[in-house]
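Open your viewer and keep the selection box handy. We will make a few stops, and at each one you will hear what to pick and what to look for there.

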Amino acid sequence: MSAIEVTGLVKQYRHQRALDQLSFNVPEGSIFGFLGPNGAGKTTTIRILLGLAHADAGSAAVLGADVLADPGQVAAQVGFLPDVPSFYPWMRAPEYLRFCASLFNLPSSTASRRVDLLLELAGLQGVDTPIGGYSRGMKQRLGVAQALINSPRLLILDEPTSALDPIGRHQVLSLIAALRGSTTVFFSTHILSDVERVCDHVLVLASGRAIAADRTEALRARYGGSQKLQLDLVEQRAALPEALVGERWLTDLQPSGEGWLIDVVDMATAQHRLPAIIAGQGWGLRRLEPVEASLEDAFVHLIQKENGS
């Protein structure tokens, strides 16, 4: 079953089309990266899925329910964290989570168990500081905890790490990763490294359209661009580019750390020829290994192709 199923979604704002025949499926149980540059239509899509905005055309189902016709059908089964969550600054985390639990009419015993569990999951157990004194990372972790108070089948996160420092980002991503297998996570962001770290499925959005969607590793492999090799010699040799002149399998050669990053069009031939060339020069070979394409490589390739550059 798909946790989210969108078909032909269109949203027009005066002279700008925010969503243009957008279609995608989110597998239930996945951590799904909804990836795109700023202005691509990510937040508009989320607002429609939550019933906070109307679509001009298309269909959208969340947990099997038609949310365009009646978004309230599944509200109790969905958790949401906006990009800039707001809190009552005088409250403390346990008090705030109990308040959130009351909005879902949870029995007090159930609410108490969930509050304790979520405080531990968010790393906020024992923190007695009012929320107004929290760091941005602490607030984002509390925001994820409040979005989970109703044990949702689907958790929607809108740019949850966009304004965090490296420590805060690490903490929030670790919390998201801990949800794998227990809750479907729809993770909207423009930060590629975050998606690469926690998401098992990715959709790339540009100008309101889905331009690629697949499992993360498949997308990376398919659109990651040229194949690459990392070559390290026993001693750095500035003459390496000259030694490789005329090799048809070579497309680019750049210094990388203590060695060279080599773009190739024929990996098998490159792996065969490079050791022979190095030996022929009398140089020592320390390392020669393929470099896996990154999600950033795939993203840049897709966006450049979309923009015709």
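A word to settle before we start: buried means under 20% relative accessible area, exposed means over 50%, and partly exposed is in between, using a 1.4 Å probe and protein chains only. This is a predicted model, in which local features need pLDDT of at least 70, side-chain atom pairs count only at pLDDT 80 or more, and totals for chains, interfaces and linings use all residues. Residues are numbered from 1 along each chain as its sequence is written, and side-chain values use heavy atoms, with hydrogens and water left out.

**Stop 1: V144.** Select V144, which is buried at a relative accessible area of 1%. It sits in helix 4, residues 136–147; helices (H or I, at least four residues) and strands (E, at least two) are DSSP runs, numbered from the N terminus. Which residues is V144 in contact with, leaving aside its neighbours within four places in sequence? Show L81, L155, L157 and L175; contact here means heavy atoms within 4.5 Å. Then draw a C-alpha to C-alpha distance to L118: it comes to 9.0 Å, with the two positions 26 residues apart in sequence numbering.

**Stop 2: T189.** Now move to T189 in strand 8, residues 184–189. T189 is buried, with a relative accessible area of 1%. A polar atom of its side chain lies 3.0 Å from the backbone nitrogen of I191. Beyond its neighbours within four places in sequence, T189 is in contact with F34, L35, G36, K42, E159 and V195.

**Stop 3: helix 9.** Select residues 267–280, the 14 residues of helix 9. From first C-alpha to last, helix 9 reaches 20 Å, close to the 20 Å expected at 1.5 Å a residue; that expected span is 1.5 Å times one less than the number of residues. Colour M267, A270, L274, I277 and I278, which are buried. The buried residues of helix 9 pack against strand 11 (227–233), helix 8 (240–243), strand 13 (259–264) and strand 14 (285–291). At the N-terminal end, D266 acts as a cap, with a side-chain oxygen 3.4 Å from the backbone nitrogen of A268. Just after the helix, G282 has a positive phi of about 80 degrees.

**Stop 4: the hairpin.** Finally, show strand 1 (residues 2–13) and strand 2 (residues 16–27), which run antiparallel and are joined by eight bridges; two strands pair if DSSP finds at least two bridges between them. Label L9 and, opposite it in strand 2, L22. Two residues lie between the strands of this hairpin, and R14 takes a positive phi near 50 degrees.

Technical notes:
Polar contact = N/O pair within 3.5 Å; in protein donor to acceptor, adjacent residues only side chain to side chain.
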